[in-house]
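Biologist: Before I rely on the labels attached to this protein, I would like to hear the reasoning behind them. Could we take them one at a time, with the model in view?

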Amino acid sequence: MHHSVAGRQRLRRGDVILLRPGVWHGYEECRGLDMFNCCFSSQLLHRELAWTREDPLLGYLLWTGPYSLERRGVLTAHLDPFAFEECLVHLDALDELGRQPAARHRGDVIGRLSLFLSHLARAAAQTRGKAFDDAGGPIHPAVVQGMRLLETRLDHRWTLSELAEELHLAPGYLVRLFKSSVGLPPMAYLAQQRAETAAALLLGTGQSVSEIGQSVGWSDQNYFARRFKAHFGMSATAYRARFSSNAFRLAEHQ
């Protein structure tokens with residue numbers, strides 16, 4: 001039984017659960033549970049996998065689906081037996097690559113991960129049916145441009161009016177486009193990106209909490225503390241203490 005903000009779901013062979021960073025979840029009644037955890041950083045999503053944003057299927061899986069229709073960062077799908085076996089091939093290959101020198105096999109890892117995600121994207125589209133038809137098309141070009149503006153200038157003190165002016169759109173229309181394509185209004189998307197980037201910096205750098213807050217646009221330390229805890233359910237200091245021991249090992253395979 002999987003338990004998350006989206007509720008409880010009894011699992012069966014071939015079920016897939018995709019979670020954006022910061023979404024809490026857990027498992028109950030785990031007797032006989034055998035599963036793969038496939039984790040990768042948000043930096044990878046913004047670098048090597050940035051192209052997925054403009055792909056109808058992968059864009060839905062990784063960018064818009066988890067937040068569209070108020071899913072709160074959780075997307076589920078089910079693999080048919082053939083797709084399930086194909087995914088196992090790529091997951092086993094990724095598991096083996098994880099034991100190899102990361103610098104020499106980075107391209108192999110990205111390739112296998114892309115193939116695996118493509119299978120999941122097709123399954124998600126098939127599982128969701130009309131929901132995918134409603135929310136799974138290519139993201140509006142203005143939204144793509146807006147997302148990139150926000151992501152590349154996280155420390156800027158953005159307002160909705162300024163972003164809309166940059167994109168030559170009316171603020172209300174921009175909000176509707178973002179909510180239709182991404183599932184979040186622009187400023188909520190910005191807050192999500194700031195929180196995820198701050199989390200990566202906490203684990204991947206030696207910067208202080210206050211320095212990280214400033215670098216992502218939350219210069220007021222108290223405000224940063226509130227927003228980070230609202231997203232991850234714990235303080236930035238507790239997050240670093242809890243997860244930093246695994247950060248180096250994961251960074252080798254990002």
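Modeller: Helices and strands are DSSP runs, at least four residues for a helix and at least two for a strand, numbered from the N terminus. With those names, E29 falls in the loop that links β4 (25-27) to α1 (42-46); please keep in mind throughout that this is a predicted model.

Biologist: Why is E29 called exposed?

Modeller: Exposed requires over 50% relative accessible area, and E29 has 57% relative accessibility, so E29 counts as exposed. Its phi is near 50 degrees, which is positive in a residue other than glycine.

Biologist: What makes a positive phi worth noting in a residue that is not a glycine?

Modeller: Most residues other than glycine have a negative phi. H168, which is not a glycine either, has a positive phi of about 60 degrees and sits in the loop between α7 and α8 (171-181). With a relative accessibility of 73%, set against the cut-off of over 50%, H168 therefore counts as exposed.

Biologist: Is L19 buried, partly exposed or exposed, and what makes it so?

Modeller: Buried means under 20% and exposed means over 50%; L19 has 28% relative accessibility, so it counts as partly exposed. L19 belongs to strand β3 (residues 15-19), and, leaving aside neighbours within four places in sequence, it is in contact with H25, G73 and V74.

Biologist: How do α6 and α9 lie relative to each other, and why is that word used?

Modeller: Helix α6 (residues 141-152) packs against helix α9 (residues 186-204) at an angle of about 40 degrees, the axes being 10 Å apart. Angles under 35 degrees would count as roughly parallel and those from 65 to 115 as roughly perpendicular, and α6 and α9 are therefore oblique to each other. On the α6 side the contact is made by M147, L150 and E151, and on the α9 side by P186, M187, Y189, L190 and Q193.

Biologist: Which residues touch the most other members of the largest nonpolar core?

Modeller: They are L61, L79, L117, L120 and F178, in a core of 47 residues, to which helix α4 (residues 102-128) gives the most, with nine residues. Beyond four places in sequence, F178 touches several residues, among them V143, M147, L150 and Y189.

Biologist: How do you know where confidence is lowest?

Modeller: On a scale from 0 to 100, helix α5 (residues 130-135) has the lowest mean, 48, whereas helix α7 (residues 160-167) has the highest, 96. The protein averages a pLDDT of 87, with 91% of the residues scoring at least 70.

Key: Residues are numbered from 1 along each chain as its sequence is written. This is a predicted model: local features need pLDDT of at least 70, side-chain atom pairs count only at pLDDT 80 or more; totals for chains, interfaces and linings use all residues. Side-chain values use heavy atoms; hydrogens and water are left out. A nonpolar core is a set of buried Ala, Val, Leu, Ile, Met, Phe, Trp, Tyr and Cys residues joined through side-chain atoms within 4.5 Å. Buried means under 20% relative accessible area, exposed over 50%, partly exposed in between (1.4 Å probe, protein chains only). Contact means heavy atoms within 4.5 Å. pLDDT is the predictor's confidence in each residue, from 0 to 100. Axes are lines fitted to C-alpha atoms, for helices over the stretch in contact, and angles run from 0 to 180 degrees between N-to-C directions. Angles under 35 degrees count as roughly parallel, over 145 as roughly antiparallel, 65 to 115 as roughly perpendicular and the rest as oblique.
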